[in-house]
Amino acid sequence: MKKINLLKVSNLCVSVEGHSLLKNLNLNAKTGDVIAIIGPNGAGKSSFLKTIMHHYAFKVTKGDIKFNNKSIIKANTDEIAKLGFFYLAQNPMELEGVKLIDLYKIIANAHSDKKIDPISLHNIVTPKFNELNMDLSLLKRANNVNFSGGQKKKNELVQMFLMNNNVLLLDEVDSGCDVDSLKIIASEINKIKKDKIIILISHQEQLLKQIKPTKYIIVANQTIAESGNGANLFKALEKGFGKYAKSTANKIEMDSLRDVF
Ligand SMILES: Nc1ncnc2c1ncn2[C@@H]1O[C@H](COP(=O)(O)OP(=O)(O)OP(=O)(O)O)[C@@H](O)[C@H]1O
Ligand SMILES: [Mg+2]
């Protein structure tokens with residue numbers, strides 16, 4: 001029988017560099033849910049996902065995050081990853097000197113009971129590269145170094161498939177991808193979504209239309225300003241975010257500017 005995972009965020013309050021960034025965030029997700037996070041630039045969408053992964057910059061000042069009814073708020077990033085969480089970064093990290101194929105080998109070995117041989121790795125990676133329309137010559141290059149925007153996102157997706165994790169936090173998986181790649185990425189996500197919890201940050205209506213999230217939340221004014229089921233997501237996108245006051249980002253930046261002037 002399929003295992004149903006549960007992610008519950010309750011009353012989460014987060015600060016960054018001593019300033020309040022997010023307040024009273026609540027979210028419930030179970031396997032099969034695809035939750036779209038939308039909202040203005042700088043509202044704290046990426047920060048929310050990074051907080052779930054226990055990024056060192058974000059301090060939880062109140063609230064809890066539970067996975068399968070156990071708090072993960074004190075778990076470190078490595079432990080959270082081992083629980084099956086994957087974060088696809090908005091700005092993927094470059095690793096100078098680490099060849100893509102070597103990174104894939106490390107990931108595949110870490111997620112397998114036995115050591116993976118080169119042919120098996122080839123048989124996993126090559127079809128994914130073909131599906132994502134990626135050039136195999138990237139395998140010899142350093143991870144994300146001088147990759148185009150789309151190449152970076154597709155590389156992160158290959159890593160996601162190698163890990164086969166249960167909770168996928170996808171931060172603008174579409175950014176930098178051309179219109180054909182968007183379709184491919186959406187179809188790849190659609191193939192796996194019923195077995196995963198997916199939280200998807202995106203500004204791209206096209207991608208959201210193809211993936212059809214089950215729920216959406218708007219992060220604005222430091223909190224969840226609006227939420228609803230997937231059917232209403234596109235109405236919310238059409239309305240835009242103008243009705244929400246200036247984002248937290250502005251407040252933080254103005255506060256810190258006091259020292260500058
Ligand atoms: N590590 C950090 N240290 C200090 N401030 C940060 C850090 N990370 C994010 N911020 C600030 O927190 C605010 C929220 O940023 P975040 O990246 O979460 O926004 P976002 O909603 O994802 O925006 P976008 O749609 O542009 O990606 C911004 O003002 C950002 O500059
Ligand atoms: Mg972001």
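# A walk around the magnesium site, the rings and the pocket

Hello everyone, let's begin with Gln-90, which is partly exposed because its relative accessible area is 28%. For that term, buried means under 20% relative accessible area, exposed over 50%, and partly exposed in between, using a 1.4 Å probe and protein chains only. What we have here is a predicted model, where local features need pLDDT of at least 70 and side-chain atom pairs count only at pLDDT 80 or more, while totals for chains, interfaces and linings use all residues. Residues are numbered from 1 along each chain as its sequence is written, chains are lettered from A and ligands numbered from 1 in the order in which they are written, and side-chain values use heavy atoms, with hydrogens and water left out.

So what does Gln-90 do here? Together, Ser-46 (OG) and Gln-90 (OE1) are the protein donors of the magnesium ion (ligand 2), lying 2.0 to 2.1 Å from it. Donors are N, O and S atoms within 2.8 Å of the metal (3.2 Å for Na, K and Ca), and water is not among the atoms, so sites may look incomplete. The two donors come from distant parts of the chain: Ser-46 sits in helix α1 (residues 45–52) and Gln-90 in the loop between β6 and β7 (95–99), 44 residues apart. Helices (H or I, at least four residues) and strands (E, at least two) are DSSP runs, numbered from the N terminus.

Is Ser-46 buried or exposed? Ser-46 is buried, at a relative accessible area of 15%. Its helix follows suit: seven of the eight residues of α1 are buried, so α1 is largely enclosed by the rest of the structure. Among those buried residues are Lys-45, Phe-48 and Leu-49. Just after α1, His-54 takes a positive phi of about 60°.

Now for the rings. How many aromatic pairs does a search of the whole structure find? It finds two, where rings of Phe, Tyr and Trp (its six-membered ring) pair if their centres lie within 6.5 Å, and planes under 30 degrees apart count as stacked, over 60 as edge-to-face and the rest as tilted. In one pair, the ring centres of Phe-67 and Phe-85 are 4.9 Å apart and the planes are at 75°, so this pair is edge-to-face. Phe-67 belongs to strand β4 (residues 58–67) and Phe-85 to strand β6, so the pair ties together parts 18 residues apart in sequence. Both Phe-67 and Phe-85 are buried.

The other pair is Tyr-104 and Phe-129, with centres 6.2 Å apart and planes at 75°, so it is edge-to-face. Here Tyr-104 in helix α3 is linked with Phe-129 in helix α4 (residues 118–131), 25 residues away. Tyr-104 counts as buried, at 0% relative accessibility, and Phe-129 counts as buried at 0% too.

Finally, the largest pocket. On a 1 Å grid over the protein atoms alone, a pocket is an open set of points where a 1.4 Å probe fits, with protein on both sides within 12 Å along at least five of seven lines; lining residues have an atom within 4 Å of a point. Its lining has 26 residues, and Met-53, Thr-77, Phe-86, Tyr-87 and Met-163 lie nearest the centre. Elements giving two or more residues to that lining are α2 (77–82), β6 (85–88), α3 (100–110) and α5 (149–163).

Thanks for listening!
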